[in-house]
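Colleague: I've got a chain open on my screen and would like to talk it through. Could you walk me round it?

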Amino acid sequence: MIPQSQSSSLQRLHHVEKRIVRVLELAGAVMEELGNSQGPRTDAVGAHCREFMLAMKDIQTTLREEIKSACEYRPFEKCDYSARIANEICCKKLEYVIEKLDTMQQNLEQSNDDV
C-alpha cells in the first residue's frame, strides 16, 4: 500500500502533468491564432497568454514544493552511507532543476513583457 503522503505527492505531480499538457495546448492555440490568415485576434491571444502564465506559475510552485519535500532530511531506520550519498546527489540534481525552472520563469516573464 502507498503511504498517504506519497499518494498525495503523486496526485500533485499527476496534476502538474495535466497542467503541462494544457500549457502546450495553449501555446499551440496562440501559434494557430498568430498564423491566422485574417490576422490574430488580440483578445484571444491575450487570454491564452494570461492562462499560460498562470498555469506556468502553478506548475512551478507545485514542482518547487515537491522538490523541497523530496529534499527534506528524514532519518530512516538502518540508513547507511551509500543511501545518504545517493540522497545528496538527488538533492543536487533537484537544485539544478529548480535553477532551470527559475530561468524558464524569467524567460516567460520577458516574453510576456514583449507581447
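Modeller: Let's fix one term before we start: helices (H or I, at least four residues) and strands (E, at least two) are DSSP runs, numbered from the N terminus. Residues are numbered from 1 along each chain as its sequence is written, and side-chain values use heavy atoms, with hydrogens and water left out. This is a predicted model, where local features need pLDDT of at least 70, side-chain atom pairs count only at pLDDT 80 or more, and totals for chains, interfaces and linings use all residues.

Colleague: Fine. What pattern does the chain follow along the sequence?

Modeller: The secondary structure comes to three helices and zero strands. Read along the sequence, that gives α-α-α.

Colleague: Which element has the highest mean pLDDT?

Modeller: pLDDT is the predictor's confidence in each residue, from 0 to 100. The chain averages 85, and 87% of the residues score at least 70. Among the elements, helix 3 has the lowest mean, 86, while the highest, 91, belongs to helix 2.

Colleague: Which helix gives the most to the largest nonpolar core?

Modeller: A nonpolar core is a set of buried Ala, Val, Leu, Ile, Met, Phe, Trp, Tyr and Cys residues joined through side-chain atoms within 4.5 Å; buried means under 20% relative accessible area, exposed over 50%, partly exposed in between (1.4 Å probe, protein chains only). Here the largest core has nine residues: Val16, Val23, Leu26, Phe52, Met53, Ala55, Met56, Ile59 and Leu108. Helix 1 (4-34) and helix 2 (42-71) each supply at least two of them. The top contributor, with five residues, is helix 2.

Colleague: And which residues does Ile59 touch, leaving out those up to four places away in sequence?

Modeller: Contact means heavy atoms within 4.5 Å. Ile59 is itself one of the core residues. On that count, Ile59 touches Val16, Arg19, Ile20 and Val23.

Colleague: Over to helix 3: which helix do its buried residues pack against?

Modeller: Helix 3 covers residues 81-114, and its buried residues are Cys91, Ile98, Leu101, Gln105 and Leu108. Gln105 touches Met53 and Gln60, not counting residues up to four places away in sequence. Gln105 and Met53 sit 52 residues apart in sequence but 9.0 Å apart in space, C-alpha to C-alpha. The buried residues of helix 3 pack against helix 2.

Colleague: Why does Gln105 count as buried?

Modeller: The cut-off is under 20% relative accessible area. Gln105 counts as buried because its relative accessibility is 13%.

Colleague: How far apart are the end C-alpha atoms of helix 3?

Modeller: The expected span of a helix is 1.5 Å times one less than its number of residues. Helix 3 has 34 residues, so it should span 50 Å, and this agrees with the distance between its end C-alpha atoms, 50 Å.

Colleague: What about Glu33, buried or exposed?

Modeller: Glu33 lies in helix 1 and touches Gly39, Pro40, Arg41, Ala44 and Val45, not counting residues up to four places away in sequence. Its relative accessible area is 9%, so Glu33 is buried.

Colleague: Last one: what share of the chain's contacts with a separation of 6 or more joins residues 24 or more positions apart?

Modeller: The chain has 115 residues, and buried ones make up 22% of them. Of the contacts with a separation of 6 or more, the share from residues 24 or more positions apart is 70%.
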